[in-house]
Amino acid sequence: MTQPSREKQTDVLVVGAGVAGLASALALLKDGREVLVIDAGRIGGGASHGNCGTLTPSHAPPLAAPGTITRALKWMLKGDAPLYIPPRFDPALWRWLMGFALRCNHRDWIASARVKAAMLNDSRQRIADWVRDHGLQCEFTESGEDYVFHGLQAMEHEMRELPLLREFGIEAEIIDGPAYEAQEPALKPGVVGAIRFAGDAALRPDKYVAELARVVRERGGIILEHCALQSLHADADGVRATTAGGAIRASDAVIATGSWSPLLADSIGLPWLRKAIQPGKGYSMTYSAPALVPKRPLTLREVSVCVTAWGSGFRLGSTMEFSGYDSSLNERRLGALERGARKYLHHPVGAELRERWFGWRPMSRDDIPLIGRAPGHKHLWLATGHGMMGVGMSAGTGQMLSDLIVGRAPSVDHAAFDPARFA
């Protein structure tokens with residue numbers, strides 16, 4: 001007769017082995033907590049895997065900006081537009097878009113940018129510290145990043161944000177076209193100028209996540225892959241989770257499931273999450289290194305393509321597509337990455353195409369992540385909704401969450417990240 005499996009016990013259960021979940025696990029372990037991480041798939045199998053790996057305080061201004069909705073509606077019938085919303089009947093998406101549209105004003109844009117800058121700056125330094133202290137082998141480089149322009153109007157529009165960024169401690173250098181082309185031989189002629197953000201950095205995101213998992217395990221944390229959460233019940237004494245691997249009892253639980261969070265909303269007792277987050281689909285293509293690669297990460301601003309070169313490879317990425325949980329690889333959107341790169345780079349691709357990828361980013365209505373205690377629950381916590389900034393905000397998120405769980409004031413003001421704003 002088969003005996004029922006015993007209920008696992010742990011101090012903190014982290015649901016999600018992506019970059020936010022593993023960073024939270026590491027911060028909690030450093031605070032002396034016992035941690036068990038579970039994931040429905042494999043370590044780093046979601047949006048952590050295929051992004052461009054840039055750590056960018058320069059990207060603090062949110063997607064919800066004045067004019068964003070107008071551009072999105074104009075691009076709705078253009079399948080390779082940088083921001084694409086396929087026309088379809090999707091009440092959940094349109095409710096989310098209405099809330100998002102209300103944020104597309106100057107006041108809220110500045111408020112969100114300020115909050116994001118604080119977290120990005122904090123996390124940027126913490127990641128550098130973690131790389132040093134834990135020996136993370138993830139091709140980390142404090143390279144800076146360049147925004148490159150072919151059109152003067154686009155560059156002048158971008159420069160209007162620079163005084164605000166300087167208020168947040170994000171410095172920029174303006175470089176004219178001829179000087180930039182002399183510095184960066186990977187670029188074709190036609191550059192009118194560039195904006196350099198020397199404080200930005202980069203790493204290889206899949207290696208970073210793998211290294212976080214290594215350190216979590218070395219510090220005594222347990223990670224269970226292919227162990228899907230089925231339901232979770234929180235009470236005054238802790239939480240009880242039902243998973244594909246059996247029941248787990250924990251003092252606290254952290255939901256770090258990224259774009260899957262809305263799909264888990266009912267099973268974890270937080271139905272309002274369905275209205276707070278939408279999956280924003282991004283694409284990337286990874287190659288062997290071309291004959292000539294840029295000296296630092298680039299954002300090709302008019303075509304919205306990010307270019308990152310590591311010793312181990314070369315990646316083109318970006319785009320934002322609100323198509324729900326559609327799992328197809330859109331050939332037209334993948335092609336837009338190469339077409340955009342060809343306008344700027346002498347060698348836009350490498351000889352070997354190693355990966356064509358898409359991933360869903362968890363886009364919150366205000367473009368600010370949900371970090372903190374789930375409203376109405378003493379022992380249930382959230383670390384989700386990071387949008388396109390999950391890697392860049394990872395260490396700061398983990399530290400903020402650990403601070404809150406152990407009852408310590410975070411170094412970054414927590415108020416704007418409180419999930420209660422959506423409940």
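**Figure 1. The salt bridge between Lys281 and Asp326 in the predicted model.** In this predicted model, the side chains of Lys281 and Asp326 form a salt bridge with an N to O distance of 3.1 Å. Lys281 belongs to strand E13 (residues 277-287), while Asp326 sits in the loop between strand E16 (313-321) and helix H12 (331-344), so the salt bridge ties together parts that lie 45 residues apart in sequence. The relative accessibility of Lys281 is 0%, and this residue therefore counts as buried. Asp326, by contrast, is partly exposed, with a relative accessible area of 31%. Side chains of opposite charge can pair when their charged atoms come close. The whole structure contains 29 salt bridges.

**Figure 2. The salt bridge between Lys207 and Glu139.** The N to O distance in the salt bridge between the side chains of Lys207 and Glu139 is 2.9 Å. Distant parts of the chain are linked by this pair: Lys207 is in helix H9 and Glu139 is in the loop between H5 and E5, 68 residues apart. Lys207 has a relative accessibility of 32% and counts as partly exposed. Glu139 is likewise partly exposed, at a relative accessible area of 26%.

**Figure 3. Backbone geometry at Glu139 and Thr319.** Most residues other than glycine have a negative phi. Glu139, which is not a glycine, has a positive phi of about 60°. This residue is part of the loop between H5 and E5. Thr319 also has a positive phi, near 75°, and is a residue other than glycine. Thr319 is located in strand E16, and its relative accessibility of 7% places it among buried residues, because the cut-off for burial is under 20%.

**Figure 4. Surroundings of Phe140.** Phe140 occupies the loop between helix H5 (106-134) and strand E5 (145-149). Apart from neighbours within four places in sequence, Phe140 is in contact with Leu55, Arg124, Ile127, Ala128, Val131, Ala201, Ala202 and Leu203. One of these partners, Ala202, is 62 residues away from Phe140 along the chain, yet the C-alpha atoms of the two residues are separated by 5.7 Å.

**Figure 5. Packing of helix H1 with helix H9.** Two packed helices are described by the angle between their axes and the distance between the axes. For helix H1 (residues 19-30) and helix H9 (residues 205-218), the angle is about 30° and the axes are 9 Å apart. H1 is therefore roughly parallel to H9, as the angle is under 35 degrees. The crossing of H1 with H9 is left-handed. On the H1 side, the contact involves Val19, Leu22, Ala23, Ala25, Leu26 and Leu29; on the H9 side, it involves Tyr208, Val209, Leu212, Ala213, Val215 and Val216. The residues in this contact of H1 with H9 comprise 12 nonpolar, no polar and no charged.

**Figure 6. Packing of helix H5 with helix H9.** The axes of H5 and H9 are 12 Å apart and make an angle of about 55°. The two helices, H5 and H9, are therefore oblique to each other. H5 and H9 cross in a left-handed manner. From H5, the residues Ile127, Trp130 and His134 meet Tyr208, Leu212, Arg214 and Val215 of H9. The contact of H5 with H9 divides into 5 nonpolar residues, 1 polar and 1 charged.

**Figure 7. The salt bridge between Asp90 and Arg88, and a salt-bridge network.** The side chains of Asp90 and Arg88 pair in a salt bridge, with 2.8 Å from N to O. Asp90 is buried, with a relative accessible area of 17%, whereas Arg88 counts as partly exposed at 27% relative accessibility. Elsewhere, Asp11, Arg33 and Asp252 are joined in a network of salt bridges.

**Figure 8. Surroundings of Glu355.** Glu355 is placed in strand E17 (residues 353-364) and counts as partly exposed, at 25% relative accessibility. Not counting residues up to four places away in sequence, Glu355 touches His49, Ser284, Met285, Thr286 and Arg315. The C-alpha atom of Glu355 is separated by 33 Å from that of Ile170, a residue 185 residues apart from Glu355 along the chain.

Definitions and conventions: Residues are numbered from 1 along each chain as its sequence is written. This is a predicted model: local features need pLDDT of at least 70, side-chain atom pairs count only at pLDDT 80 or more; totals for chains, interfaces and linings use all residues. Side-chain values use heavy atoms; hydrogens and water are left out. Helices (H or I, at least four residues) and strands (E, at least two) are DSSP runs, numbered from the N terminus. Contact means heavy atoms within 4.5 Å. Axes are lines fitted to C-alpha atoms, for helices over the stretch in contact, and angles run from 0 to 180 degrees between N-to-C directions. Angles under 35 degrees count as roughly parallel, over 145 as roughly antiparallel, 65 to 115 as roughly perpendicular and the rest as oblique. A crossing is left-handed if the near helix is turned anticlockwise from the far one by less than a right angle, and right-handed if clockwise. Ala, Val, Leu, Ile, Met, Phe, Trp, Tyr, Cys and Pro count as nonpolar, Asp, Glu, Lys and Arg as charged, and the others, Gly among them, as polar. A salt bridge is a side-chain nitrogen of Lys or Arg within 4 Å of a carboxyl oxygen of Asp or Glu. Buried means under 20% relative accessible area, exposed over 50%, partly exposed in between (1.4 Å probe, protein chains only).
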